[in-house]
Amino acid sequence: MSVTSDSETTAEIGRRRLRKEDARLITGRNHYTDSMSRVGMLTLGMVRSPVAHAKITRLDVSAAKASPGVVDVLTGPDLADSQGSLPNAWPVTPDQKAPAHPAVAIDEVVFAGEIVAVVIARTAAQARDAIELVDVDYDDLPVVVDLEAAERDEELVHPDLGTNTSSVWVFDSASAGTGGDVQQAIADSDVVIERTLYQQRLIPSFMEPRSILVDPTGDRIEMWSATQIPHILRTMLSMTLGIPEGKLRVTAPDVGGGFGGKLEVTPEEVITVLAAQRTGKPCKYTETRSESLMGAHHGRAQVQRLKLSANKDGTVTGLDVRLLADMGAYLGLVGPGIPVLGAFMYNAIYKFPAYRFESKALFTDKVWTDAYRGAGRPEATFAIERMMDELAAELGMDPLEVRRKNWIKHDEFPFSTISGLEYDSGNYEAATDKALELFGYEELRAEQQRRRESNDPVQLGIGVSTYTEMCGLAPSRVLGSLDYGAGGWEYAQVRVLPTGHVEVVTGISPHGQGHETGFSQIVADRLGVPFDNVEILHGDTQVAQRGLDTYGSRSLTVGGMAVVAAADKVIAKAKVIAAHMLEASEDDIEFESGRFGVRGTDQGVALGDVALAAFAAHDLPDGIEASLDSDATFDPENFSFPHGSHLCAMEVDTETGQVTLRKYVCVDDIGTIINPLLVEGQVQGGLAQGIAQALFEEAVYDDAGTLVSGSFVDYLVPSAADLPSFITDTTTTPATSNVLGVKGVGEAGTIASTPAIVNGVLDAIRHLGVKDVRMPCSPSTVWAAIHDAGSGATAEAPNVQTARGDQS
Amino acid sequence: MTTTKQTVTMTVDGAQYSDDVEPRLLLVQYLRERLGKTGTTVGCDTTNCGACTVLLDGESVKSCTMFAVQADGHEVVTVEGLAQNGELHPVQQAFHEHAALQCGYCTSGMIMQSVSLLNENPHPSQEEIRSGLEGNLCRCTGYQSIVEAVSAAAGEGDTQ
Ligand code: FES
Ligand code: FES
């Protein structure tokens, strides 16, 4: 196999290929769900609760039903027998409390934005008009907004559960046998750093609002949805609604971004199926942006209580993590599993001798949280990278020196971590050295010193973060050991057509990552066919009959490997046919560059000739089935562990609190690179999202549980004017756990950039007495942190969620 | 709600259309739902995301902010009318070559805004491009590749 191309080879892997996907997207010939319609299609409109927690005392839909064009209006009681409960596939503990989650609320609402009735009308305008005519009375109940208040159980989101705690999940290195006792380590250490860090709520904010079209005509139900998970969705919908799985076809056509936000079985999907079944007509629902912000799941939302102990020389001796995780009002598809995924990453790239992790999943009266880019791992990396900086500050050491002191050295791989993972390969030294070189660390430190000495109102901050993540979710048996409801394998089929063209079916379901291009490159190399002759098919359960879809940077590491496995089976079959065609022994057949040759002769046949022979089937060897295709599933043996070093410099105006990012350098090691162009795109986009958490974005609820940042006016997704250009580079330490050597890249930028930025902001103002700044580091927050430190008041930002003051 | 329909006549991507529409029908709905021009997308309801950007008499407008009746008598160009005689517009070509898109949802609007930006300022600096695209959000790319594409398309203009 040819892996990388540094010379004049024709290898596709490693080549900067422009994307196949672009042609339709740059000309407007896209195929997003909302761009589709069916004859006789009806449109749905959702009536959503304006209040966070209340009994529904009256729900009158008669005027809406009589409104022009309205076919029906459905309420929770109407659907009580048919809607089931939305699935949670990850019961992390046997005693996890999970309230029933109706798609349409039945007699009580538990978050603002919850659906209380559904209008089915001939046109979208008629649906909108009728929504206004639905009359609902709410009898308010106490609202639980703050996570720390939720923990105290003074008011309950679900009184019948008797508590706001859904589950408590614990990992302890002493009892797991992977390390020492953390309390002992803390007691025996020279320094202990204690901090409470806040992971604000974020909204994934995919650009394409969620849209669903269901056609129940014929004897099958066909669904198109802007989803990341058509296969999981089909299985879960059939389990929830009792539709035979074989009668349900789910297609994810072009999907306008997901970032975890479309890794969900949504109430809207369930409702659209039910509406289509009831009316017998195609039904479509497309959310507005405001509905998306309040009704599609959020991410992050954790309080992290941390204790890090170390010796005077900077050697870390133990880490104790106590986490509060905001589940919102219900458990999403994988929500409770997200802090658990994070648990494996708090030790990051370091050799910690003792570690304990405990997370409490809590209910609040807010939309539920679930996967968002990195899911658990960004939160963990943020915590440890902030703590390493605090340790460095406490000991007066350079932040990189503290990291070097504790990290796993290149020659120590494979390495068993204290959380029980086996890191296969890594080279933190190489990535860091390269990043330092690109960054110009020494000069920037000198400038920082000058600005400090001259009391410049604009201070310079240098932020550092080093990270690893676990990609390639996941070995199925590991997921099983963590009580996840499904496996982590992936499926592929490779078909060589009689014309010699190749069709590849994959169970992964891309939404912007460029898989059609990257997978074509893998197959072109493996089968020795031209890139343009490979067609990738995906995102349709009738085409890709099996699959576990796209999330957690698993597409290449797991999906790509399934494609390789299927291609190898095709080659093996073709070899038997080729030997027969060439009247040679199979042992003498060699396959190279798309051709089967007889060793030591110039005789041979091309793959396409074999495919034609297999298609015609006039003369196949005994026991060989017609047609040249094969399928395979691949279950990884291990996760993959990309890593990297990120460095940034920013100016912080101490008079206004304004943070201006000046330079951002990152060097990521993602193993073998299939296509540098796709990698750069993923890294740059990931950086933008991680930086956005550090500086701009927050889902803010007021005390009544109303989403204050309910539009793109208040929820600040950064624009081009808010971000600089990035300097991105890579080092390559191939993964040893898969033959391609790939590690995954989708989440790297997001994971590493958030702590790098916050560390940088603090680095700029720490000498003013500031010990912490809460995210997002908006001008008012930073200004207040500086001001409070100077005035001798507590440096910790107030413990209440308030609307961002700098919007006005 | 009963409303009197009004007749609108406009040129869209070079063809003339005349239709009776409700006064409240947004231009983007008219383009997508009545004319089937689904290349223009909708990302928000607050005129913030720019996904719906089209050209009205050569200048960029957010088609979710205008009623179809306001475009009466005007000329509209959408992303679907940008390529001429099978040749991509230089901005489209540059978006492809610089990988200025991932999921593609913001892309029609980004391209239209970039075309309008370059019409007004054929040689924008990186900073001018960034501020010129401020009203268009992209969640996938981090903007760097978009800025590079617009720069490149501007350079392309030089040689023509
Ligand atoms: S849809 Fe027009 S600006 Fe967002
Ligand atoms: S390419 Fe996905 S939003 Fe811009």
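Start by colouring chain A by domain: domain 1 is 33-141 + 205-295, domain 2 is 424-470 + 641-795, and domain 3 is 474-634. The model is predicted.

**Stop 1: domains 2 and 3 of chain A**

Select domain 2 and domain 3 of chain A together. Their centres, taken over C-alpha atoms, are separated by 40 Å. To display the contact, show 13 residues from domain 2 of chain A and 14 residues from domain 3 of chain A. About 1100 Å² is buried between domain 2 and domain 3 of chain A, and carbon and sulfur atoms account for 66% of that area. On the domain 2 side, pick A:Ile674, A:Leu678 and A:Leu740, which lose the most area to domain 3 of chain A and together make up 41% of what that side buries. The count of salt bridges between domain 2 and domain 3 of chain A is zero.

**Stop 2: the link region and other cis peptides**

Go to A:Leu473 and A:Ala474, which are joined by a cis peptide bond with omega of about -10 degrees. A:Ala474 sits in the loop that runs between strand E18 (458-468) and helix H16 (476-481) of chain A. Next select A:Met775 and A:Pro776, where the peptide bond is also cis, with omega of about -10 degrees. The loop that holds A:Pro776 lies between helix H21 (748-765) and helix H22 (779-790) of chain A.

Then centre on A:Ala301, which is not a glycine but has a positive phi of about 65 degrees. A:Ala301 belongs to strand E13 (residues 299-310) of chain A. As background to these picks, most residues other than glycine have a negative phi, and most peptide bonds are trans.

**Stop 3: two hairpins in chain A**

Select residues 589-598 of chain A. Strand E22 (residues 589-592) and strand E23 (residues 595-598) of chain A run antiparallel and are joined by four bridges. A:Glu590 faces A:Gly597 of E23(A) across this pair. Two residues separate E22(A) and E23(A) in the hairpin, and A:Ser593 in the turn has a positive phi of about 45 degrees.

Extend the selection to strand E24 (residues 604-606) of chain A, which pairs with E23(A) in the antiparallel sense over three bridges. Here A:Gly597 stands opposite A:Gly604 of E24(A). The hairpin of E23(A) and E24(A) has five residues between the strands, and A:Gly600 takes a positive phi near 80 degrees.

**Stop 4: the annotated N-terminal region of chain A**

Select residues 27-142 of chain A, which an unreviewed UniProt entry annotates as "domain: Aldehyde oxidase/xanthine dehydrogenase a/b hammerhead". Over residues 27-142 of chain A, helix makes up 16% and strand 30%, and the end C-alpha atoms are 51 Å apart.

Now show the open sheet of three strands in chain A, whose order is E4-E2-E6 and whose pairing is antiparallel. Strand E4 (108-109) and strand E6 (135-140) of chain A are the edge strands, each pairing on one side only. Six bridges connect strand E2 (residues 54-60) of chain A with E6(A) in the antiparallel sense. A:Asp60 has A:Asp135 in E6(A) as its bridge partner.

**Stop 5: the sheet of chain B**

Switch to chain B and display its open sheet of five strands, in the order E2-E1-E5-E3-E4 with mixed pairing. Strand E2 (15-21) and strand E4 (59-62) of chain B are at the edges with a single partner strand each, so one side of each has no neighbour in the sheet. From one strand to the next, the twist averages 40 degrees.

Zoom in on strand E1 (residues 6-12) and strand E5 (residues 75-77) of chain B, a parallel pair with two bridges. B:Thr11 stands opposite B:Glu75 of E5(B). Add helix H1 (residues 27-34) of chain B, which packs on the sheet and touches E1, E2, strand E3 (53-56) and E5 of chain B. The direction of H1 makes about 105 degrees with that of E2(B). Helix H3 (residues 107-120) of chain B also packs on the sheet, touching E3, E4 and E5 of chain B, and its direction makes about 35 degrees with that of E3(B).

**Stop 6: chain B against chain A**

Finally, show both chains. The contact takes in 43 residues from chain B and 52 residues from chain A. Between them, chain B and chain A bury about 4000 Å², of which 54% is on carbon and sulfur atoms. There are three salt bridges between chain B and chain A. One to select is A:Asp34 with B:Arg32, where the closest N and O atoms are 3.2 Å apart.

Note on methods. Residues numbered from 1 in each chain as written. Chains lettered and ligands numbered in written order. Predicted model: local features only at pLDDT ≥ 70, side-chain atom pairs only at ≥ 80, totals over all residues. Heavy atoms only, no water. UniProt positions renumbered as here; feature names shortened; annotations may be inferred. Pairing = 2+ DSSP bridges. Axes fitted to C-alpha atoms, helices over the stretch in contact; angles between N-to-C directions. Contact = heavy atoms within 4.5 Å. Domains from an automatic or database assignment. Buried area = accessible area lost by both parts, 1.4 Å probe. Salt bridge = Lys/Arg side-chain N within 4 Å of Asp/Glu carboxyl O.
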